[in-house]
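Please take a moment with the sequence and the model that follow. The paragraphs after them lead from one enclosed helix outward to the protein as a whole.

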Amino acid sequence: MKKYILDLTVSSVEQLSEKHVLMRVTDVKPLPEMLPGQFAELRVDGSPATFLRRPISINFVDRTKNELWLMVAMIGDGTRQLGRLRAGDKLNCVLPLGNGFSIQSGKNALHKTLLVGGGVGVAPLLYLGAELKQQGCEVTFLLGGRSAKDVLELDFFNRYGRVCVTTEDGTMGEQGFVTNHSVLAEPFDKIFTCGSTPMMKAVARYAKEKDIECEASLENMMACGLGACLCCVEKTTEGNLCVCKEGPVFNTKRLLWQI
């Protein structure tokens with residue numbers, strides 16, 4: 001898929017939580033094709049301590065408004081600077097990068113799909129859920145957080161499927177981790193997950209026990225986004241692979257998590 005370097009214009013910045021913002025960006029031309037699970041590398045201007053771009057998942061693509069949505073977790077100097085952008089500012093992006101989730105269509109389309117996310121890892125699942133619903137899939141989101149304030153974009157997720165929630169302190173949904181939720185008693189054709197590595201490993205173990213195909217979007221540190229710097233290497237059944245180029249989405253059978 002062709003990659004672009006674009007100076008996009010910020011349409012709006014919405015505060016989702018104390019540490020998260022939803023940034024909508026647009027262009028005078030139609031945005032390029034982007035797949036659920038792909039990501040963008042954002043240049044950080046105005047931060048002398050930040051030399052590298054920041055990889056941010058594609059949260060959603062609104063074709064009716066020609067907008068790309070990016071959820072930014074403000075955890076360092078670079079991402080905090082991105083969170084300070086306002087409507088009208090320019091944002092230089094390299095996109096789309098990486099490989100997305102597998103979505104079958106036609107007679108091979110999935111029926112019951114489970115999308116499991118935690119924290120900022122929920123970001124790529126919104127666009128994925130929208131695309132799966134368009135293909136006629138029954139979509140269930142299973143979202144987790146430490147508390148209710150950590151469960152993001154619920155209004156948007158409710159548009160595309162059933163939403164189940166777990167929180168560690170019990171302030172929303174069922175108390176516990178995502179792998180403790182009662183919805184896991186139901187049968188599913190495929191599982192997609194993104195979040196912390198321990199969470200995704202637990203989801204992958206559940207999928208293996210139930211013999212369900214599972215894809216995970218890895219969040220290894222990705223500096224260049226092109227497979228050149230080797231910062232994001234992951235050990236797989238095929239050897240060491242760069243997550244930014246060969247992923248970030250992998251079938252969990254390709255990963256060495258179960259060994």
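In this predicted model, the buried residues of helix 2 are covered by elements that include strand 4 (54-62), strand 5 (67-73), strand 7 (112-118), strand 8 (138-145), helix 3 (154-157) and strand 11 (190-194). The helix itself spans residues 123-134, and because nine of its 12 residues are buried, helix 2 is largely enclosed by the rest of the structure. The residues in question are Ala-123, Pro-124, Leu-125, Leu-126, Tyr-127, Leu-128, Gly-129 and Ala-130, together with Leu-132. After helix 2 comes Gly-136, which has a positive phi, near 90 degrees.

One of the covering elements, strand 7, is worth following further. Thr-113 has its place in this strand, and Thr-113 counts as buried because its relative accessibility is 0%. When neighbours within four places in sequence are set aside, the contacts of Thr-113 are with Leu-132, Cys-137, Glu-138, Val-139, Thr-140, Phe-188, Lys-190 and Phe-192. Of these partners, Leu-132 is one of the buried residues of helix 2, and so the path from strand 7 leads back to the helix described above.

Strand 7 also takes part in enclosing an empty space. The structure holds one cavity of 30 Å³ or more, and the volume of the largest cavity is about 40 Å³. Which residues line the largest cavity? The lining consists of Leu-114, Val-116, Leu-142, Val-178, Thr-179, Leu-184, Ile-191, Val-203 and Tyr-206, and at least two of the lining residues are supplied by each of strand 7 and helix 4 (197-210). Sorted by class, the lining has eight nonpolar residues and one polar residue, while charged residues are absent from it.

Some details of the backbone deserve a careful look as well. The peptide bond that runs from Leu-95 to Pro-96 is cis, with omega near -15 degrees, and Pro-96 belongs to strand 6, which covers residues 90-97. A cis peptide bond also joins Gly-247 to Pro-248, here with omega near 5 degrees, and Pro-248 sits in the loop between helix 5 (243-246) and strand 15 (249-251).

Positive phi values are found in residues other than glycine, too. In Asn-66, phi is near 55 degrees; this residue lies in the loop between strand 4 and strand 5, and Asn-66 is buried, with a relative accessible area of 16%. Leu-230, which is not a glycine either, has a positive phi of about 65 degrees and is placed in the loop between strand 12 (213-217) and strand 13 (233-236). Is Leu-230 buried or exposed? Its relative accessibility is 54%, so Leu-230 counts as exposed.

Stepping back to the whole chain, the protein has five helices and 15 strands. Its radius of gyration is 18 Å, close to the 18 Å that the globule rule gives for 259 residues, and therefore the protein is as compact as a globular protein of that length. Taken along the principal axes, the box filled by the C-alpha atoms is roughly 50 × 40 × 40 Å. Of the 259 residues, 53% are buried, and among contacts with a separation of 6 or more, 61% are between residues 24 or more positions apart. The accessible surface comes to about 12,200 Å², and carbon and sulfur atoms account for 50% of that surface.

Notes: Residues are numbered from 1 along each chain as its sequence is written. This is a predicted model: local features need pLDDT of at least 70, side-chain atom pairs count only at pLDDT 80 or more; totals for chains, interfaces and linings use all residues. Side-chain values use heavy atoms; hydrogens and water are left out. Buried means under 20% relative accessible area, exposed over 50%, partly exposed in between (1.4 Å probe, protein chains only). Helices (H or I, at least four residues) and strands (E, at least two) are DSSP runs, numbered from the N terminus. Contact means heavy atoms within 4.5 Å. On a 1 Å grid over the protein atoms alone, a cavity is a set of points where a 1.4 Å probe fits but cannot get out, and a pocket is an open set with protein on both sides within 12 Å along at least five of seven lines; lining residues have an atom within 4 Å of a point. Grid points are joined across faces, edges and corners, and a volume is the space filled by probe spheres set on the points. Ala, Val, Leu, Ile, Met, Phe, Trp, Tyr, Cys and Pro count as nonpolar, Asp, Glu, Lys and Arg as charged, and the others, Gly among them, as polar. The radius of gyration is taken over C-alpha atoms; the globule rule is 2.2 Å times the number of residues to the power 0.38. Accessible areas come from the Shrake-Rupley method with a 1.4 Å probe; for residues, only the protein chains shown count as cover.
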